[in-house]
Amino acid sequence: MEKIYRAIYPMRILLITSRSGEADNIMAAAWCFPLSRDPALFGVSLTDSRHSYSLIKEGGCFGINLVAPDMENAALLCGTKSGRDVDKFAESGLTKEEGDEIDCALVGESPVSIECRLADIVKTGDHYLMVGEAVNVKKRRESKGLYQKEGRDWIEV
Ligand SMILES: Cc1cc2nc3c(=O)[nH]c(=O)nc-3n(C[C@H](O)[C@H](O)[C@H](O)COP(=O)(O)O)c2cc1C
């Protein structure tokens with residue numbers, strides 16, 4: 001089956017942070033976008049095979065963390081290994097920073113982090129749209145972003 005979704009690529013690469021109990025996790029996501037201005041809603045589309053899916057569902061919140069070009073190796077790790085098997089904060093060297101408004105870790109190196117409270121989960125075909133209400137935004141630095149063209153072909157814009 002042709003990957004029709006590729007027609008709208010490149011898509012921005014983001015790091016989604018999640019927490020349930022003692023477990024903190026980070027995954028890379030390119031299917032993440034604004035859904036509503038007021039209330040400020042964002043959607044991230046995940047398959048339920050992702051460890052992040054369970055953590056977001058259990059923890060009730062998630063962080064959306066922008067990826068700067070100097071975070072490429074960490075983003076690759078977060079997009080290819082599962083938090084079921086490895087502690088991706090430890091392995092990537094990314095800094096764990098606490099959210100101000102949510103009980104969830106954020107990525108300290110990210111130019112911008114958005115703190116979201118889980119508002120809804122909508123089954124969309126073979127994915128689940130995790131709808132989050134943005135309750136805080138942390139802006140740390142100006143930076144270009146990383147965009148996925150195809151597989152490992154990433155560009156900075
Ligand atoms: C650039 C990139 C973008 C990705 N985008 C998504 C996405 O939007 N949704 C998704 O479910 N998986 C996406 N993935 C795959 C997950 O990041 C990957 O399966 C990850 O290992 C899941 O981690 P977890 O099991 O710890 O949640 C992407 C991977 C990469 C490298």
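Trainee: In which strand is Ile16 found?

Mentor: Ile16 is found in strand β2. Keep in mind that we are looking at a predicted model.

Trainee: Why is Ile16 called buried?

Mentor: Let's set the value against the cut-off. A residue is buried if 20 or more other C-beta atoms lie within 10 Å of its own. Ile16 has 25 other C-beta atoms within 10 Å, so Ile16 counts as buried.

Trainee: Which residues does Ile16 touch, leaving out those up to four places away in sequence?

Mentor: Ile16 touches Met27, Ala29, Val44, Ser52, Phe62, Gly63 and Ile64. Contact here asks for C-beta atoms within 7 Å. As for Lys81, it is 65 residues from Ile16 in sequence, and the two C-alpha atoms are 14 Å apart in space.

Trainee: What stands opposite Ile16 in β6?

Mentor: Ile64 stands opposite Ile16 there. The two strands, β2 and β6, run antiparallel and are joined by four bridges.

Trainee: How do you know that β2 and β6 count as a pair?

Mentor: Two strands pair if DSSP finds at least two bridges between them. Four bridges join β2 to β6, so the condition is met.

Trainee: And what makes β6 a mostly covered strand?

Mentor: Six of its six residues are buried. Look at the two faces separately: Cys61, Gly63 and Asn65 are on one side, Phe62, Ile64 and Leu66 are on the other, and all of these are buried. On pairing, β6 also joins β9 in the antiparallel sense over five bridges, and Asn65 has Ser113 in β9 as its bridge partner.

Trainee: What is the strand order in the open sheet of seven strands?

Mentor: The order is β3-β2-β6-β9-β10-β5-β4, with antiparallel pairing.

Trainee: Why are β3 and β4 called edge strands?

Mentor: Each of them pairs on one side only. Across this sheet, neighbouring strands are turned by 35 degrees against each other on average, with direction ignored.

Trainee: How many bridges pair β5 with β10?

Mentor: Six bridges, in the antiparallel sense. One place to look is Phe42, which stands opposite Gly132 in β10.

Trainee: Which strands does α1 lie across?

Mentor: α1 lies across β2, β3, β5, β6, β9 and β10, and runs at about 55 degrees to β2. As for α2, this helix packs on the sheet and touches β2 and β3, with its direction making about 105 degrees with that of β3.

Trainee: What is the order in the open sheet of three strands?

Mentor: β1-β11-β12, again with antiparallel pairing. Its edge strands are β1 and β12, each pairing on one side only.

Trainee: How do you know that β1 pairs with β11?

Mentor: DSSP must find at least two bridges between the strands. β1 and β11 have two bridges, so they satisfy that condition. In this pairing Met11 stands opposite Gln148 in β11. On to β11 and β12, which pair over four bridges; there the bridge partner of Gln148 is Trp154.

Trainee: What do β11 and β12 form together?

Mentor: They form a hairpin with two residues between them, and Gly151 in the turn has a positive phi of about 50 degrees.

Trainee: Which residues come nearest to the ligand?

Mentor: Of the 20 residues around the ligand, Trp31, Ser52, Gly79, Ser82 and Gly83 come nearest. The elements giving two or more residues to this shell are β3, β5, α1 and α2, and β3 gives the most, with four.

Trainee: How many residues of each class does the shell around the ligand have?

Mentor: It has seven nonpolar, 10 polar and three charged residues.

Trainee: How many helices and strands does the protein have, and why is it called as compact as a globular protein of its length?

Mentor: The secondary structure comes to three helices and 12 strands. The radius of gyration is 14 Å, and the globule rule gives 15 Å for 157 residues; the two values are close, so the protein is as compact as a globular protein of that length.

Trainee: What share of the 157 residues counts as buried?

Mentor: 35% of them count as buried. Among contacts between residues at least 6 apart in sequence, 65% join residues at least 24 apart.

Note on methods: Residues are numbered from 1 along each chain as its sequence is written. This is a predicted model: local features need pLDDT of at least 70, side-chain atom pairs count only at pLDDT 80 or more; totals for chains, interfaces and linings use all residues. A residue is near a molecule or strand if its C-beta atom, placed from the backbone, lies within 6 Å of it. Ala, Val, Leu, Ile, Met, Phe, Trp, Tyr, Cys and Pro count as nonpolar, Asp, Glu, Lys and Arg as charged, and the others, Gly among them, as polar. Axes are lines fitted to C-alpha atoms, for helices over the stretch in contact, and angles run from 0 to 180 degrees between N-to-C directions. Two residues are in contact if their C-beta atoms, placed from the backbone, lie within 7 Å. The radius of gyration is taken over C-alpha atoms; the globule rule is 2.2 Å times the number of residues to the power 0.38. A residue is buried if 20 or more other C-beta atoms lie within 10 Å of its own, exposed if 12 or fewer, and partly exposed in between; C-beta atoms are placed from the backbone.
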